[in-house]
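Subject: Handing over a structure

Dear colleague,

I am passing on the structure below, and I would be glad if you could look it over before reading my notes. The notes follow directly after it.

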Amino acid sequence: MTAKSQTFAESQLELLRQVVDCVIPGTEQMPAASETGAAKHIDSVAGTSERLRRQLLDGLKDVEITAARIGGDFASLSEKERVEAMQSVEASNPAFFRELVRHTCSAYYTTPEVLKRLGMEGGPPQPRGYP
């Protein structure tokens, strides 16, 4: 059973999963952003700030509108069309895109699985007890 969304409706959370995978797609060596829980992290963070919540909700609406203009809902678009949609949203709503990338990367690059695959130990920033 998955934890209940804090900020987004389930359909918005599913769209967010697809969107974060455009920011950090999976490869043979690395998981996609959605596989590391980036969307759930963003959902949680969005609940801490009304400004951020509104910005993300408006941005996701822009993604839906742009996808419809290109040819359907975001999930039905090809990878190339998804990238085109995200580039359009980045150009028209740079504040949303900046926050999306910031929170996606923050979630992704702090997960133990990603750190391990990058050859990093993880743990506290000063694990050797430096003052």
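At what distance, N to O, do the side chains of glutamate 10 and arginine 17 meet in a salt bridge? The separation is 3.2 Å, where a salt bridge is a side-chain nitrogen of Lys or Arg within 4 Å of a carboxyl oxygen of Asp or Glu.

Before going further, please keep in mind that this is a predicted model, in which local features need pLDDT of at least 70 and side-chain atom pairs count only at pLDDT 80 or more, while totals for chains, interfaces and linings use all residues. Residues are numbered from 1 along each chain as its sequence is written, and side-chain values use heavy atoms, with hydrogens and water left out.

The overall picture is helical: the protein chain has six helices and zero strands, helices being DSSP runs of H or I with at least four residues and strands runs of E with at least two, numbered from the N terminus. Of its 131 residues, 37% are buried, meaning under 20% relative accessible area, with exposed over 50% and partly exposed in between (1.4 Å probe, protein chains only). Among contacts (heavy atoms within 4.5 Å) between residues at least 6 apart in sequence, 62% join residues at least 24 apart.

Helix H3 covers residues 50–70 and reaches 30 Å from its first C-alpha to its last, close to the 30 Å expected at 1.5 Å a residue, the expected span being 1.5 Å times one less than the number of residues. Among the buried residues of H3 are Leu56, Leu60 and Val63, and what covers the buried residues of this helix includes H1, H2, H4 and H5. Just after H3, glycine 72 takes a positive phi of about 155 degrees.

The largest nonpolar core (a set of buried Ala, Val, Leu, Ile, Met, Phe, Trp, Tyr and Cys residues joined through side-chain atoms within 4.5 Å) has 31 residues, of which Phe8, Leu16, Val19, Val63, Phe74 and Leu100 touch the most other members. Helices H1, H2, H3, H4 and H5 each supply at least two residues of this core, and its largest share, six residues, comes from H3. Not counting residues up to four places away in sequence, valine 19 touches Leu60, Val63, Phe74, Met86 and Leu100.

Glutamine 18, in helix H1, counts as buried because its relative accessibility is 14%. Leaving aside its neighbours within four places in sequence, glutamine 18 is in contact with Phe74, Ala75 and Arg82.

To return to the charged side chains, the structure holds seven salt bridges. In the bridge that I began with, glutamate 10 is partly exposed at 48% relative accessibility, and arginine 17 is likewise partly exposed, at 21%. Another salt bridge joins aspartate 58 and arginine 54 at 3.0 Å, N to O, and both of these residues lie in helix H3, four residues apart, about one turn of the helix. Glutamate 113 and arginine 117 also meet in a salt bridge, at 3.0 Å, N to O; they are four residues apart in helix H6, and are therefore separated by about one helical turn. Salt bridges that share partners join Glu10, Glu14 and Arg17 into one network.

With best regards
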